[in-house]
Amino acid sequence: MMEGFPETLFSPFLRLFFYTVALLLVATTSATAQSYGLRFAGHEEIQDNRTSLDLRPEKPLCLNGNVELSFDVSLAASYKTYFGYIFRIIQDDKQNLDLLYDQKSLNFKMIIGERFSPSVIKLDSAHVFNHWNHFKLQLDLKNRTMSVYVNNKRVITDKIAFNESGCFRIFFGGNEFREFKSKDLPPMDIKDISLSENGKRIHYWPLNEVKGATAQDELSGQPAVIKNPVWIKALHNEWNVADQFTLKGRATVAFDPASETVCVTGSDALYQYSVRNRQGVLQAQKTPPKSFFLGSQAVFNPFTARFYDYYVDQKAVSVYNPVARSWTTETMTPSPVKVTEYWHANQFVSGLDSSLYILGGYGQLTYKNSIFRYHFASRKWETLPTRSDAFTPRYLAALGTTARADTAYLIGGYGSLTGEQMVNPKSNYDLLQYVVKDNKFRKLYELKVPKTDFAFANSLVIDSKSKTFYGLIFPNQQFKSQLQLIRGSLSEPTYERVGHSIPYSFHDIHSYSDLYYCPISQKLIAVTLYRNEPNNTTDVKLYTISFPPNKLEVQAASVKPSSGSVWPWLLAGFAVVAGVLVLLYVRTKRRSTPQTETVPVFDNHPVTALTVAPGSSSRALALEPTPKASVFFFGNFQVLDHAGNDITKAFTPLLKELFLLLALNSIDKQRGLPSEKLNEILWPDKSGRDASNNRSVNMAKLRSILDKVGFCSLSKESGYWKVEFDFNQLYVDYERYVAIINNKAALTKQTIFELGEITKRGSFLLNTEYYWLDDFKADISNKIINTFLQYADKLSISEDPEFLIQITNFIFDYDPVNEDAIILKCKALSLMGKHTLAKNTFEKFVRDYKAIYGEEYEQSFSAIID
């Protein structure tokens, strides 16, 4: 379509084929896998900006006997140069062993000192890119041999020049070590680096960080150092600004999935952005398309490989010729209408009849449920009858189609049953299926009405195979809004929030947002348009996030409430079990030493302390009443006052966010937050004086609520606001969590049990979502899992298999496919003689692993229990 972009002038048939395959590719990508790892910037960056990973920067790793290095690697797609080192291993600062990728031969090669190993590693190109490949290097230092396995298949056996023992430096990507330095490396992703010595794993770097220039070794605690890191988890969490610019006049946007090109048309220019090449081109145009009135929309037609602009009111259609770089008018009916009555209508091009379908919209105080069809070949317009009451008048809905676009799915929107804006307008949360050949809608389900109403960006990304969709939602009752990506089900009334949010200024017909899927680049791209009426310009912003996006802590919403709660029975049973466990534990303690045991109770009540008096029987327990005043951060946010009354509802959304900001930045010796930071987060659109007034009013309200809670108060020291807690009188589960995590050296069975019961209440601030809270949540989740694993690693399975199983259950609450936990649990169950239960547990894990990661779990049951 233009110089420097991928070829976009395929034949219509090839384009349609690619278009169909592109949509089907959504179904081949795991929808729920938590993506992580380290991306290495290669030749696309200047030397100073390329990535290097040094596993042990302080001192080399001294090893002997049998050494095994394993990791997963994938080449990042859509770059020009793929050449350089995957890793370099250097023994005693003299001998090197390297793995590199050679773009010319499309092979991986091993270099032993000054020679190439005669065997090469050739992988299918379709699997090298955007797929993880498991590499395993085995070194027999005594016999000086090397074996290389790729995806569990041995591909190289060779002699090496290493000594029987020595100290090793291990680099991935570039390095700057003496004469071995190199900045040649391919753009690649690495994760799960593991190092074993004589059959025992001694180091493990999952590379699951979100930010920073170090990677934690989960076994030794010693960090690896990275230069110029690009964290994959962040790419799947955060939307990155791909481009932003301003066009004259209003603008329309469309997307070509074959070339992964976004096309934005303004009054005097046309902008095209290639997601694959990460670059945009702006072309001047003398005049906009003749259909370019207020409210026209754009669409890409895969059958003609052209971008179109259309205006329903005048039945006007214009097509863009990329060679002539001009617009041609196909149809137009003279009409005085210059402002559409079909703002924010939904659209799609069907593969069934090669026609454009336009559904719904809004204008002249009226919501629409009309259906228009434009046949590109005959250039004819039709108005189709609406044959179902399910499709009520609406706009701000989202629409997506199956691969052939013979079926469309429409969700949500804002409208009314009569279509009149003055007669009870409201948000819709129904999912409708539209079958093109029947011209008929069918209601599939209705989502539960959320606490805060939301509308949708224009498009859905549909995965028919897994029966899921992706869409962008936003609260349409406020100007300073945010777009939040969700992943929903096509068969059940559930959805979950994925990725972080995008800032979005929503002013009804002045704003527009859309979502597209890029099958080759494996990205989603969001586009926002905002028209500035006074100066007649449109601000355009493009955001990308790697696919599949990682799930937030917020859980899916469901339309079907439980017919009867089982929690009281579960909680009562848990309390009995907890009491028995406590009694058994206390009996084992030495009678000569006073002990205080903390036994959490999982029913929104704080911990009760059991004190054993010096010299007394372990049966003689003095029950110390715990404070009734409590603040719960794990699970749903909850506050109980000094009388034990639930006063959570006293916190309005703003007061809740204010309290959480101050509390989380006060606990664990933090100094609080300055007024300026509070203003920036809570009142970004206010002037300095207005923000200060709002802050003062809400501080007074918060102070009044904290007085009711008791044993906590607001304070301001050295310009920093904070919440002062009396933890002797007020139970705060987050404070207990911090105390346990920060004292890992003194972990006991009881503190581990307490941590487990704190976290079983639910994930941290469940159903609470602010952009500034994401780092807290990610850090807490990682620390909880690491703490349980570190303590479990110290235990002997044979001494207390039951408690080890309890620890693995705590881990699975946060990470249902944790590989270390399943190995421990299966071994513990087998040791107890529960072989069938162990096998069933493993099989369930394998099913969950396949569902989440889209690939088979590599180890067998017999292998993990050996």
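Select cysteine 712 to begin: at a relative accessibility of 8%, this residue counts as buried. Next select cysteine 518, which is also buried, with a relative accessible area of 0%. The coordinates belong to a predicted model, and the stops below should be read accordingly.

**The disulfide**

Now select cysteine 62 and cysteine 167, which are joined by a disulfide with an S to S distance of 1.9 Å. The structure holds one such bond. Cysteine 62 belongs to strand β3 (residues 61-64) and cysteine 167 to strand β12 (residues 165-173), so that distant parts of the chain, 105 residues apart, are linked. Display the torsion about the S-S bond: it is about 90°, and the disulfide is therefore right-handed. Colouring by accessibility shows cysteine 62 as exposed, at 51%, and cysteine 167 as partly exposed, with a relative accessible area of 22%.

**Salt bridges**

The structure holds 31 salt bridges. Three pairs and one network are visited here.

Select arginine 394 and aspartate 430, whose side chains meet in a salt bridge at 2.9 Å, N to O. Arginine 394 is in the loop between β30 (380-384) and β31 (398-401), while aspartate 430 is in strand β33 (residues 426-435), so the pair ties together parts that are 36 residues apart in sequence. Both partners lie below the 20% limit for a buried residue: arginine 394 has a relative accessible area of 1%, and aspartate 430 is at 7%.

Move to glutamate 341 and lysine 368. They form a salt bridge in which the closest N and O atoms are 3.9 Å apart, under the 4 Å cut-off. Glutamate 341 sits in the loop between β26 (326-331) and β27 (346-350), and lysine 368 in strand β29 (residues 366-375); the pair therefore ties together parts that are 27 residues apart in sequence. Here glutamate 341 is partly exposed, at 29% relative accessible area, whereas lysine 368 counts as buried, at 11%.

For a pair within one helix, select lysine 783 and aspartate 779, where the side chains form a salt bridge of 3.1 Å, N to O. The two residues are four apart in helix α10 (residues 774-794), which means that about one helical turn separates them. Lysine 783 is partly exposed, at 31% relative accessibility, and aspartate 779 is partly exposed too, at 36%.

Finally, select Asp72, Lys191 and Asp192 together to show a network of salt bridges that links these residues.

**Aromatic pairs and charges over rings**

The structure holds 60 aromatic pairs. Select phenylalanine 845 and tyrosine 849: their pair is tilted, with 6.0 Å centre to centre and 35° between the planes. They are four residues apart in helix α13 (residues 835-853), and so are separated by about one helical turn. Both phenylalanine 845 and tyrosine 849 are buried.

Keep phenylalanine 845 and add tyrosine 857; this pair is edge-to-face, at 5.1 Å centre to centre with 80° between the planes. Phenylalanine 845 is in helix α13 and tyrosine 857 in the loop between α13 and α14 (861-865), so the pair ties together parts that are 12 residues apart in sequence. Relative accessibility is 3% for phenylalanine 845 and 8% for tyrosine 857, which counts as buried.

A cluster linked by ring pairs appears on selecting Phe633, Phe634, Phe637, Phe651, Phe659, Tyr734, Tyr737 and Phe764.

Two arginines can then be examined above rings. Arginine 671 lies over the face of tyrosine 720, 3.8 Å from the ring centre. The charged end of arginine 201 sits over the ring of tyrosine 204, at 4.4 Å from its centre.

**A hairpin and a covered helix**

Select residues 269-274 and 279-284, which are strands β21 and β22; they pair in the antiparallel sense over six bridges. Tyrosine 271 stands opposite leucine 282 in β22. The two strands β21 and β22 form a hairpin with four residues between them, and in the turn arginine 278 has a positive phi of about 60°.

Which residues of helix α6 (residues 675-682) are buried? Selecting the helix shows Ser675, Leu678, Asn679, Ile681 and Leu682 in that state. To see what covers the buried residues of α6, display elements including α5 (653-664), β50 (673-674), α7 (688-709), β51 (712-717) and β52 (720-725).

Definitions and conventions:
Residues numbered from 1 in each chain as written. Predicted model: local features only at pLDDT ≥ 70, side-chain atom pairs only at ≥ 80, totals over all residues. Heavy atoms only, no water. Buried < 20%, exposed > 50% of the residue type's maximum accessible area, 1.4 Å probe, protein only. Phe/Tyr/Trp six-rings, centres within 6.5 Å; stacked < 30°, edge-to-face > 60°. Lys NZ or Arg CZ within 6 Å of the ring centre and 35° of its normal. Pairing = 2+ DSSP bridges. Contact = heavy atoms within 4.5 Å. Disulfide = S-S within 2.5 Å.
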